[in-house]
Amino acid sequence: MVFAVALFAAAMGLILFGVSRLKRPRKWVLAAAFVGPAVLGLLFGLVYPALTTIKASFYDAKGNNFIGVDNYARALSEDAFQKVLGNTAIWVILVPLLSTGIGLVYAILVDRSKFEKFAKALIFLPMAISMVGASIIWKFMYDYKAVLENVPAARQPKQIGLLNQVIIWMGGEPYNFLLNGPWNTLFLIVVMVWIQAGFAMTILSASIKAIPDDIIEAARLDGVNAWQMFSHITVPSVRPSLVVVLTTIAMGTLKVFDIVRTMTGGQFGTSVVANEFYTQSFRQGNEGLGAALAVILFIIILPLIVYNVRQMKKTEEVR
Amino acid sequence: MRSFNKGRAITASVVGLGLALSLAACSDDDNKSEEPGAASGDCAAYEQYGDLKGKTVSVYTSIVTPEDTPHIDSYKPFEECTGAKITYEGSKEFEAQLLVKIKSGAAPDIAYIPQPGLLETIAKDYPDALVPASEGTVANVDKYYSPSWKSYGTVDGTFYAAPLGANVKSFVWYSPKQFEKNGYTIPTTWDELIALSDKILADHGAEGAKPWCAGIGSGEATGWPATDWLEDLVLRTAGGDVYDKWLTNEVKFDSPEIKEALAKVGEILKNPDYVNGGYGDVASIATTTFQDGGLPLVEDEPLCYLHRQASFYAANWPEGTEVSETGDAFAFYLPGLTADERPLLGGGEFAAAFSDRPEVAAFQAFLASPEWNNAKAKATPAGGWVSANSGLDPENLVSPIDKLAATLLGDTTQEFRFDGSDLMPAAVGQGTFWTEMTSWLAEDKDDAAVLSAIQASWPK
């Protein structure tokens, strides 16, 4: 590790030194000197593994025999995997919409209010927690202990889950959040939304603040109400940011793995593509199928990335 | 199913860093005062390994704190007599990470593999990574282990890995004190076991107690205790021959023999009157961790009276629980259909080498020797560890349950079978077998659907 870092530093130093020694370097030399290492890194770290993964997806579990599209056929036809793909779809639809929606509304609500900084810090804090950490926190929130029949109150198991304790205070029966499908997937999604809403809020808040004051004033003079201000002025003005936020969160969501693995391990019908990929490749030794799942994930993400990059370019042009 | 270590590894995580630190501190003290049956100077048995001063052997296992301390301590005699240093790394993601390490060319010198199925996968997929057992190891295994144990460490005729620890799975935990108080006797047949369950229900059902408690939760490995149940019952209802064929899929999962066994498991696990003492309904078995599963059994007024779990469950009882034939908790043999049929289900882990160096060969041989087995027994004063090594002196096992396990493992009249899911292909044994048994309990999926789903996933 230390060796690798030293080697990298040395190589970069050499390149930079070489470039600085050239008098009036040609443009392409400069470009190659600076972009070259990054391109090489990408080739070794991304393109090469991607190609081998694609190749592996057409081979059997051990990677010895070519079996055509059998892995894809399995991944797309078997009940268990359809469930996984379905869950991933639910995640990708709900998480970006909910996080962005909550983030946007929150940003508008706290904008220029007295407690803006404090309020923003509150919703941004979860961003600072790792996915696994957040999952463990929420696992406690969801913890379930049954109410046992015929057992006196003193000997009932103690609820340690906050949500179930609240339900009991309100006179309800404790509910096993993580066990019962399909709702358990929604309860996992809550965790991701909790983390991502802060990110959406930050970007959108900055974007809202960038709306020129004269536009807002003009609208006020025209006598718009709050809803009209929101739908005709704010949303259209921050539209490019909205798209970037939506697609960025969507990409993050497609890769979701930590939350599912930490909270349910993919049990009880909550598995998603990334989790299933890990399970198939590393736990069950089915590399072909794992690779096929990874490729499917890649194919779904691809249009999102393209759209995201184009939107970012657009935003920059506007500036 | 799951290995003994992995399971306990998870308990360990709950116990956390604090305990890890305090244990580390304790072991330091021990070393100064009484420790080394080793350093006491007798290095004669170690001379065969030669002088290994300055050499290092790395060990990679699924055994993490606090279970790792006895392991690390048990290497001391070897380290002190030969001069070699053993570096120990335990990981809860062992099974997955071992393959990653091998693939990336960073395999450990020695790995403790808890599943013969995993050993077979490695031997077949990475034939160059695995080193056949060293001469000394072969000599020790031939001398101190029964041939069946050697066969579990053998792939396609090449012997790779020597048995390390062992455990008995066909155990039902109970409270001797409660049994005596209620006048219950230990059942010797399946029917007696069911009759006992009914009696417990009649006696204590009104207090909210159930005859059985259970838990199959184990993180991403959730489901393994349920596969153990089915394996135990296949051995009982269909016998060893069918069991062996079942492992290779000659007998299909959806065949009548397996269906019958699953129905028998269902008599207990899916009977809402019988389960799940202290935790709720049938579905609660799926969300109760296996470590917690049996705990309601040792309370003053128990909410359950019976808990089928392996010998290593001894480590999970709360501190102060007396594990003995007259104490708070003990185990009896899970009965067969008749008193004469006594098949035994068990498991264990195996030490495989990935480096062909003299010190690695020596250490592997040491692990198969009576010296190590006795050192390990002495380094585990709290109990919860046995091995099938005939050189292990039972006197060194302090816990009565370990002694009972050692007796059963050494009893050749009982037909011993290794844990089946550990021998099946990983896609089944560590995949659908776990997940489908979980669905069977969590979602009340019916027997036929569960078995045909597992069968469908068998690699073609």
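Me: How many residue pairs are in polar contact between chain A and chain B, and what makes a pair count?
Reply: In this predicted model, there are 4 such pairs, both residues at pLDDT 80 or more. A pair counts because an N or O atom of one lies within 3.5 Å of an N or O atom of the other, with one able to donate a hydrogen and the other to accept it.

Me: Which helix of chain A gives the most to the side that touches chain B?
Reply: That's α13 (residues 273–283), with 3 residues. By class, that side of chain A has 9 nonpolar, 6 polar and 6 charged residues.

Me: Why is B:Lys103 with A:Glu287 called a salt bridge?
Reply: Their closest N and O atoms are 3.3 Å apart, and the cut-off is 4 Å between a Lys or Arg side-chain nitrogen and an Asp or Glu carboxyl oxygen, so the pair qualifies. The count between the two chains is 3 salt bridges.

Me: Where else do B:Lys103 and A:Glu287 turn up?
Reply: Both line the second largest cavity, along with residues including A:Lys62, B:Asp125 and B:Tyr126. That cavity holds about 40 Å³ of space, and its lining has 2 nonpolar, 3 polar and 4 charged residues. In chain B, α4 (94–103) and α5 (116–125) each supply at least two of the lining residues.

Me: What makes the largest one a cavity and not a pocket?
Reply: It's called a cavity because a 1.4 Å probe fits inside but cannot get out, whereas a pocket is open. Its volume is about 50 Å³, and the lining includes B:Cys213, B:Trp229 and B:Arg308. The lining residues split into 5 nonpolar, 3 polar and 1 charged.

Note on methods. Residues are numbered from 1 along each chain as its sequence is written. Chains are lettered from A and ligands numbered from 1 in the order in which they are written. This is a predicted model: local features need pLDDT of at least 70, side-chain atom pairs count only at pLDDT 80 or more; totals for chains, interfaces and linings use all residues. Side-chain values use heavy atoms; hydrogens and water are left out. On a 1 Å grid over the protein atoms alone, a cavity is a set of points where a 1.4 Å probe fits but cannot get out, and a pocket is an open set with protein on both sides within 12 Å along at least five of seven lines; lining residues have an atom within 4 Å of a point. Grid points are joined across faces, edges and corners, and a volume is the space filled by probe spheres set on the points. Ala, Val, Leu, Ile, Met, Phe, Trp, Tyr, Cys and Pro count as nonpolar, Asp, Glu, Lys and Arg as charged, and the others, Gly among them, as polar. Helices (H or I, at least four residues) and strands (E, at least two) are DSSP runs, numbered from the N terminus. A polar contact is a pair of N or O atoms within 3.5 Å; within protein, one must be able to donate a hydrogen and the other to accept it, and residues adjacent in sequence count only if both atoms are side-chain atoms.
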